[in-house]
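Me: Please take one part of this structure and go through it closely, with the criteria spelled out. I would like a single connected account rather than a list.

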Amino acid sequence: MRNALSKGLTMDPNAPRPRDAIAPSTIIDAAIRLGLVGTLVYACARIVLPFGFLLIWSAILAVMLHPLHLRLVSRLGNRGSALLIGLIGVSLMLGPMVILVTSLATSLYSLIANFQSQGVTFPEPPLWLDGTPLVGKKMAEIWSLVASNMPAALAKYGHLVSGPLAWFASFAGGLAMGELSFVVSFAIAAALVAHGENAAEFARRALERVTGNEARAGQLVALTAATIRGVGLGVVGVAVVQSLLLGFGFFTIGIQAAGPLTLAALLLGIMQVPLILLTLPVVVYVFYSEATQPAVIFLIWNIVVGLSDNILRPLMLGRGLEVPMPIILIGVLGGMIVDGLLGIFVGPVLLAVSYVLLLDWLHQHRV
């Protein structure tokens, strides 16, 4: 009787199966779910990818502007504060960037037109150039040909110049698109700022699922926000302010290449290169071509702007985060190659955030 009863219990179809016995239908269901999820992710990525860089920059702007938004919420409300930030941001970026892009495009177009119309004249090569070892004679020959017969020089060496000129012309067009991207990104950032708390909570929950630790997720969110604000305001923000001030001086004194010089000041400022390397030759040129009084005023203005980072950086950066300059330099150059003017700002911020998070992860792993 007991044997029959035990056999009946063993043969019960409702009895639980061993854990290592997985039904084929379960594997098929899991494969179908993974396939559907992968297809959904791929379809969404195709739609979002063209705007990926713009959305990343908008998110960076939103993180940097969120403390200002919190100060204005009590007076203007959530939507009012976000609207005011968006309008001011678009206005501040639209005016200077239009002037900068227009000046740069005009300078490049004028340079190309002068080469085509033979309007560019060069002095004779200096005597010491011919005696320079290795390359002196060849350089003197090329220089003499350019100074005496521009059409022949273009016919002989035009293929060496056409490539860089075409690249500069394409770069000017990219600047125009970058300027439009800045305006759109500020509008998107204003919308993100209005939902900043929800976005922060979403990021915290996502990181909690990845790390498996709620406290660790909150720490990573705070660390990322601090890095973005530190690099964005302390490096990029100071460079933007200084370049705009220098550009104001360049345009006021009447320098023809004010747009390219302002862009060069922006690049040098982001790369943490002393701006005196750019402003000193410009000041010398102004003293050579202008009257003494405006040249002296221009010199004083450049000195004040060059020293302003000692005030601006502590004011905008606060305690900040120490990021090696090679990280910033690679971010600037790589971002410019990948996405033009917008990449100049996004590149160093992304690399700085990744660098800080990597160091933090290595520290946690060591502990």
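Reply: What follows starts with the chain as a whole, turns to helix packing, and ends with two single residues.

The model is predicted, so local features are reported only at pLDDT of at least 70 and side-chain atom pairs only at pLDDT 80 or more, whereas totals for chains, interfaces and linings use all residues. Residues are numbered from 1 along each chain as its sequence is written, and side-chain values use heavy atoms, with hydrogens and water left out.

The protein chain has 13 helices and 0 strands, where helices (H or I, at least four residues) and strands (E, at least two) are DSSP runs numbered from the N terminus. Of its 367 residues, 33% are buried, meaning under 20% relative accessible area; exposed is over 50% and partly exposed lies in between (1.4 Å probe, protein chains only). Contact means heavy atoms within 4.5 Å. Among contacts between residues at least 6 apart in sequence, 69% join residues at least 24 apart.

The part to look at closely is helix H8 (residues 214-253) with its partners. The axes of H8 and helix H9 (residues 258-270) come within 8 Å and cross at roughly 155°. Axes are lines fitted to C-alpha atoms, for helices over the stretch in contact, and angles run from 0 to 180 degrees between N-to-C directions. H8 and H9 are therefore roughly antiparallel, the class for angles over 145 degrees; under 35 is roughly parallel, 65 to 115 roughly perpendicular, and the rest oblique. The crossing of H8 and H9 is right-handed: the near helix is turned clockwise from the far one by less than a right angle, while anticlockwise would be left-handed. On the H8 side the contact includes Val 235, Ala 239, Leu 246 and Phe 250, and on the H9 side Leu 261, Thr 262, Ala 265 and Ile 270 are among the residues involved. By class, the residues of this contact are 11 nonpolar, 5 polar and no charged. Here Ala, Val, Leu, Ile, Met, Phe, Trp, Tyr, Cys and Pro count as nonpolar, Asp, Glu, Lys and Arg as charged, and the others, Gly among them, as polar.

H8 also packs with H11 (residues 292-307). Their axes come within 10 Å and cross at roughly 175°, which makes H8 roughly antiparallel to H11. Gln 242, Leu 245, Phe 248 and Phe 250 are among the H8 residues that meet H11, whose side includes Pro 294, Phe 298, Trp 301 and Val 305. The contact of H8 with H11 has 9 nonpolar, 4 polar and no charged residues.

Which residues form a tilted aromatic pair? Rings of Phe, Tyr and Trp (its six-membered ring) pair if their centres lie within 6.5 Å; planes under 30 degrees apart count as stacked, over 60 as edge-to-face and the rest as tilted. By this rule there are 2 aromatic pairs. Phe 250 and Phe 298 form a tilted one, 6.1 Å centre to centre with 45° between the planes. This pair joins H8 to H11 across 48 residues of sequence. Both Phe 250 and Phe 298 are buried.

H11 has a further partner, helix H10 (residues 276-289); the two pack at about 170° with axes 9 Å apart, so H10 is roughly antiparallel to H11. Val 282, Val 286 and Phe 287 of H10 take part, among others, as do Ala 295, Phe 298 and Leu 299 of H11. This contact has 8 nonpolar, 2 polar and no charged residues.

For comparison, two residues sit elsewhere, in helix H3 (residues 52-116). Ser 58 is buried, because its relative accessible area is 0%. Beyond four places in sequence, Ser 58 touches Ser 185, Ile 188, Ala 189 and Leu 192. Its C-alpha lies 9.4 Å from that of Ala 191, which is 133 residues away in sequence. Ile 56 has 33% relative accessibility and so counts as partly exposed. Leaving aside neighbours within four places, Ile 56 contacts Val 346 and Leu 350. Ile 56 and Leu 350 are 294 residues apart in sequence, yet 9.0 Å apart C-alpha to C-alpha.
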